Amino acid sequence: MNPIDLPPLHRAAVLVLLGALALGGAAGCSPAAESSPRSVQARESPPTRTPTATSASTSTDVGWVQLMTPMNQQAVKLLTLAAERAAEPRVRDFAVRLRTGQEAELVRLRALLTRMGLPGTDVHAGHDMPGMVTVRDLEAARAAEGSAFDRLVLAQIRDHLRQSAQVSRSEITSGGRADARELAAALVTARETSLAELERLPGAVRALG
């Protein structure tokens, strides 16, 4: 079965994927072409070491883009609250800029989903995934005020940035599509910059420990 024909990943399956990605690989992440007998593959086309943007998507590519898209979508919701309600002006400014960056990433992630022939629906709706801003997180943020709100936002956004960077690094090393790996690299760079800035914000020491 071609990886892009796989049914939506359930919570347990994605947790396994995350664990595999964290170790720098994922089970079943060989390109679809490699599943053919070597003799047939050799007759059809010569092997290539550098997959292009049109290469067959691997399970790592599928898992990564289907996870990163809702992660960004949920983070944007929290950042929108922070841009409006953060008590510290520097936290508000940070939230505005980070939201802009995450929205720009979403445009690229959705375009990648389209190129891979994947649905734009959130296959992780209702799942409590590492680094995912949940409905409960958003409710807690809406109920918080002042410095308590700022601390909550900083802690949740740091978790989002760290987890998405970790998974994206594994896409870089284990993904099969050049366009997916290129986008993952851009995401990692952006997250490293944002994490460094976040940790210098007022209240970060108390919020992050």
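Five salt bridges are found in a search of the whole structure, which is a predicted model. Three of these pairings are described here, together with the packing of helix H3 against helix H7.

In one salt bridge, the side chain of Arg-191 meets that of Glu-105, with an N to O distance of 2.9 Å. Arg-191 belongs to helix H7 and Glu-105 to helix H4 (residues 89-115), so this pair ties together parts of the chain that lie 86 residues apart in sequence. Both partners fall below the 20% limit of relative accessible area under which a residue is termed buried: Arg-191 has a relative accessibility of 1% and is therefore buried, and Glu-105, at 10%, is likewise buried.

A further link between helices H4 and H7 is provided by Arg-115 and Asp-179, whose closest N and O atoms are 3.1 Å apart in a salt bridge. Because Arg-115 is located in H4 and Asp-179 in H7, the pair ties together parts separated by 64 residues in sequence. The two side chains fall into separate accessibility classes: Arg-115 is partly exposed, with a relative accessibility of 49%, whereas Asp-179 is buried at 11%.

Asp-179 also takes part in a salt bridge with Arg-177, the N to O distance between these side chains being 2.8 Å. Arg-177 is buried, with a relative accessibility of 4%. Through shared partners, the salt bridges join Arg-115, Arg-177 and Asp-179 into one network. Asp-179 is the residue common to the two pairings, with Arg-115 and with Arg-177.

Helix H7 (residues 178-198) additionally packs against helix H3 (residues 59-85), the two axes coming within 11 Å and crossing at roughly 40 degrees. This angle makes H3 oblique to H7, since angles under 35 degrees would count as roughly parallel and those of 65 to 115 degrees as roughly perpendicular. The crossing of H3 past H7 is left-handed. On the H3 side, the contact is made by Asp-61, Trp-64, Met-68 and Asn-72, and on the H7 side by Ala-180, Leu-183, Ala-184, Leu-187 and Arg-191. Classified by residue type, the contact comprises six nonpolar, one polar and two charged residues.

Arg-191 thus appears in both settings: this residue of H7 contributes to the contact with H3 and is paired with Glu-105 of H4 in a salt bridge.

How values were computed:
Residues are numbered from 1 along each chain as its sequence is written. This is a predicted model: local features need pLDDT of at least 70, side-chain atom pairs count only at pLDDT 80 or more; totals for chains, interfaces and linings use all residues. Side-chain values use heavy atoms; hydrogens and water are left out. Axes are lines fitted to C-alpha atoms, for helices over the stretch in contact, and angles run from 0 to 180 degrees between N-to-C directions. Helices (H or I, at least four residues) and strands (E, at least two) are DSSP runs, numbered from the N terminus. Angles under 35 degrees count as roughly parallel, over 145 as roughly antiparallel, 65 to 115 as roughly perpendicular and the rest as oblique. A crossing is left-handed if the near helix is turned anticlockwise from the far one by less than a right angle, and right-handed if clockwise. Contact means heavy atoms within 4.5 Å. Ala, Val, Leu, Ile, Met, Phe, Trp, Tyr, Cys and Pro count as nonpolar, Asp, Glu, Lys and Arg as charged, and the others, Gly among them, as polar. A salt bridge is a side-chain nitrogen of Lys or Arg within 4 Å of a carboxyl oxygen of Asp or Glu. Buried means under 20% relative accessible area, exposed over 50%, partly exposed in between (1.4 Å probe, protein chains only).
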